[in-house]
Amino acid sequence: MDEVDKIILHQLQQIDASIEATDQLDSFTPEQVVRAVSSCLLEINPTMTELPRSLPGGAMAQRFSVATVLAERCKESGYRGDIGYQIFLYPNAVELRRLLMFLIERLPRERQNADSSGKAHTLNAREQLQREVRKKLSEQLKAPWVPQFCRAVANRQKQGCSCQSIEFKPHLNLNIPVANLAERSKEVQQYFEQLAPNLFQQVDSSSYDLIASVLHKNDLERWSDLVPTAVTIISAREEELPASPLLQVVDKLSENPEAATPTQQLEDKVQQLRAESEKLMGQRKALIASLEALKARESAAAGELDSIQGIIKLHERSCLVLADSAENVAKLEALLRATEAKRQTLTQQWQDYRSPLLTTLESLKSAKEAQQVQSVRTGIEELQQELLAKTQQHNELTLRSAKQTQLAPRKEYTRRIHEFIGNIRKQRDDIYKVLEDTRQMQKQLNVVAAQLERQFNYTDDLLFQSAKHDLHAKKAYKLLAQLHAHCSELVECVTNTGNVSKEIRELEVQIDGEKMKNVLTSLQQITGDINKFEQHIQELQSQIRTVENAITAA
């Protein structure tokens with residue numbers, strides 16, 4: 001059971017790192033049991049978000065309610081064993097092991113594969129956070145998509161508002177360009193490219209909804225044949241919206257086609273503008289080329305100026321030195337002598353400082369080399385001693401292996417397994433034989449009992465007939481009746497003795513099972529909880545008395 005407990009505890013550590021590591025399930029506290037079971041249930045069914053994660057430390061009623069809720073969730077998950085609040089409040093190693101093994105077997109396959117691939121890896125806080133984020137994203141990805149308009153309606157319904165609070169207010173004079181470019185003229189195309197406002201600009205300047213406006217325009221274009229013109233005119237008058245600039249231009253063109261600008265004039269203007277644009281582009285390129293040349297000349301002049309300035313500074317210094325050559329030469333010689341004297345003093349100081357350092361360095365090098373040589377020698381001696389010991393041990397083991405019989409371990413294990421199997425088969429045959437003997441004995445007992453019953457009945461009839469006329473037969477009849485009664489009592493006593501011995505064996509087995517369940521500790525915990533209940537009831541009674549006294553005093 002220790003190996004099983006280790007496997008269960010390892011799985012629990014992989015599921016929830018906050019569960020304290022223990023050696024056995026016997027040392028599990030009620031708080032740890034609640035934490036482990038709730039973590040397993042959340043892994044099995046992530047929708048159980050309202051599942052209690054810890055055992056409250058307040059009143060016993062809250063603890064009982066939490067334990068009852070967890071027991072019901074375990075039953076809903078498919079647990080068929082006997083489960084109740086007692087497993088969580090008074091944990092028993094056998095029942096707790098059975099429950100945790102069931103929950104671990106019900107874990108998703110992804111969790112089991114992850115646990116088997118990383119058995120020695122424990123989740124830290126960062127990995128726990130990443131797993132929760134991954135789980136949240138997977139839940140959101142699995143959720144159905146809802147449009148933004150419906151989301152707003154749903155949010156308002158959650159806040160207590162009605163979905164009718166969002167007005168469906170379309171822009172009745174929305175201008176949408178035709179998708180077919182071949183049907184447009186050049187003037188209309190130029191207007192759409194340069195002057196016409198887009199959908200967002202048309203809706204943004206007013207208090208209308210873009211989605212409602214597009215849906216209304218689409219419905220008018222699809223069902224324009226079925227919608228009467230009076231409806232669109234009335235709706236436009238109700239809204240009192242100005243007409244679109246494109247519609248005004250189209251209306252003017254349709255009303256006065258002669259005053260419209262000819263296409264040829266527009267083409268001539270376009271050609272003129274294109275020629276002027278090409279001319280300006282050529283001038284622009286020429287100016288850019290000249291500007292680049294001027295920049296290159298400027299950079300070259302700046303470089304020459306920098307070099308000339310360095311030469312000028314050198315000439316200025318040379319002129320200053322040559323202006324009073326004798327005095328300047330004397331100053332330079334004095335400066336050289338002072339520099340040479342300073343250099344000699346610094347050299348002497350460095351030699352004074354360097355000589356002790358060199359001696360120290362040489363002594364350290366010699367000491368280090370001697371220490372290394374000594375360590376190498378000691379290492380060699382230790383290795384020689386170890387080699388001698390290993391050689392002696394190898395010789396002893398060789399002699400011992402030569403003395404022993406050469407048997408392969410696999411054959412020995414196979415022989416033992418066959419012996420175990422043979423013993424098991426022999427015991428099974430003996431059990432079957434005992435059962436067969438018991439059946440045969442029971443049959444013989446039944447046959448003998450039936451024969452005795454028939455003989456008794458026959459003897460009873462004979463003696464009863466003879467007892468009417470013979471006193472000795474009458475006395476024999478009485479003795480026969482007494483003998484039959486005593487024999488029946490003996491048989492009943494033997495049967496009762498067998499039943500009692502069988503019940504004794506069953507009770508011994510039950511006692512062994514109850515001893516494994518730690519009934520004494522559970523009884524002590526139950527007694528402590530009962531005392532807590534009594535204290536809580538006394539506190540409630542004292543509070544009720546104080547309230548009654550306050551009411552009577554008032």
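Me: Where do I start with the surface here: how much area does the protein chain expose, and what share do carbon and sulfur atoms supply?

Reply: Start with the total, then ask which atoms make it up. The protein chain exposes about 44,200 Å², and 58% of that comes from carbon and sulfur atoms. Keep in mind that this is a predicted model.

Me: Okay, and what is the chain built from: how many helices and strands are there?

Reply: Count each kind of element. Here you get 18 helices and zero strands in the protein chain.

Me: What percentage of the residues are buried?

Reply: The general idea is a cut-off: a residue is called buried when its relative accessible area is under 20%. In this protein chain, buried residues make up 15% of the 554 residues.

Me: And contacts? Of those between residues at least 6 apart in sequence, what share join residues at least 24 apart?

Reply: You look at how far along the sequence the two partners sit. In this chain the share is 57%.

Me: Now surface patches. Which residues form the negative one?

Reply: For a charged patch, you look for like charges joined within 9 Å. In this model, Asp 2, Glu 3, Asp 23 and Asp 26 form a negative surface patch. Take Asp 26: you'll find it in the loop between α1 (2-15) and α2 (30-44). Its relative accessibility is 47%, so it counts as partly exposed.

Me: Which residues make the nonpolar patch?

Reply: Same style of reading, but with nonpolar side chains joined within 5 Å. Val 519, Leu 520, Leu 523, Ile 526 and Ile 530 make a nonpolar surface patch of about 430 Å². Ile 530 belongs to helix α18 (residues 519-553), and because its relative accessibility is 43%, Ile 530 counts as partly exposed.

Me: On to salt bridges. How many does a search of the whole structure find?

Reply: To spot one, check for a side-chain nitrogen of Lys or Arg within 4 Å of a carboxyl oxygen of Asp or Glu. Searching the whole structure this way turns up eight salt bridges.

Me: How far apart are the closest N and O atoms in the salt bridge of Arg 97 with Asp 5?

Reply: They are 2.9 Å apart. Next, ask where the partners sit. Arg 97 is in helix α5 (residues 93-105) and Asp 5 is in helix α1, so this pair ties together parts that are 92 residues apart in sequence.

Me: Are Arg 97 and Asp 5 buried or exposed?

Reply: Check each against the cut-off. Arg 97 has 10% relative accessibility, so it counts as buried. Asp 5 has 2%, so Asp 5 counts as buried too.

Me: Where do Arg 439 and Glu 436 lie?

Reply: Both are in helix α16 (residues 409-467), three residues apart, which is about one turn of the helix. These two form a salt bridge, with their closest N and O atoms 3.2 Å apart. As for exposure, Arg 439 counts as partly exposed at 46% relative accessibility, and Glu 436 counts as partly exposed at 36%.

Me: Which residues are linked in a network of salt bridges?

Reply: For a network, follow the bridges from one residue to the next. Here the linked residues are Asp 16, Arg 35 and Arg 53. Zoom in on one pair: the side chains of Asp 16 and Arg 35 meet in a salt bridge at 2.8 Å, N to O. This pair links distant parts of the chain, with Asp 16 in the loop between α1 and α2 and Arg 35 in helix α2, 19 residues apart. Asp 16 is buried, with a relative accessible area of 6%, whereas Arg 35 is partly exposed at 27%.

Me: What is Ser 39 in contact with, leaving aside its neighbours within four places in sequence?

Reply: Its contacts are Ile 15, Asp 16 and Arg 53. Ser 39 is part of helix α2, and with a relative accessible area of 5% it is buried.

Me: One last pair: what distance separates the C-alpha atoms of His 10 and Thr 22?

Reply: The two C-alpha atoms are 9.9 Å apart, and the residues are twelve apart along the chain. His 10 has its place in helix α1 and is partly exposed, with a relative accessible area of 24%.

Technical notes:
Residues are numbered from 1 along each chain as its sequence is written. This is a predicted model: local features need pLDDT of at least 70, side-chain atom pairs count only at pLDDT 80 or more; totals for chains, interfaces and linings use all residues. Side-chain values use heavy atoms; hydrogens and water are left out. Patches are made of residues with over 30% relative accessible area and no salt bridge: like charges are joined within 9 Å, nonpolar side chains (Val, Leu, Ile, Met, Phe, Trp, Tyr) within 5 Å. Accessible areas come from the Shrake-Rupley method with a 1.4 Å probe; for residues, only the protein chains shown count as cover. Lys and Arg count as positive and Asp and Glu as negative; His and the chain ends are not counted. The place of a charge is taken as NZ of Lys, CZ of Arg, CG of Asp or CD of Glu. Helices (H or I, at least four residues) and strands (E, at least two) are DSSP runs, numbered from the N terminus. Buried means under 20% relative accessible area, exposed over 50%, partly exposed in between (1.4 Å probe, protein chains only). Contact means heavy atoms within 4.5 Å.
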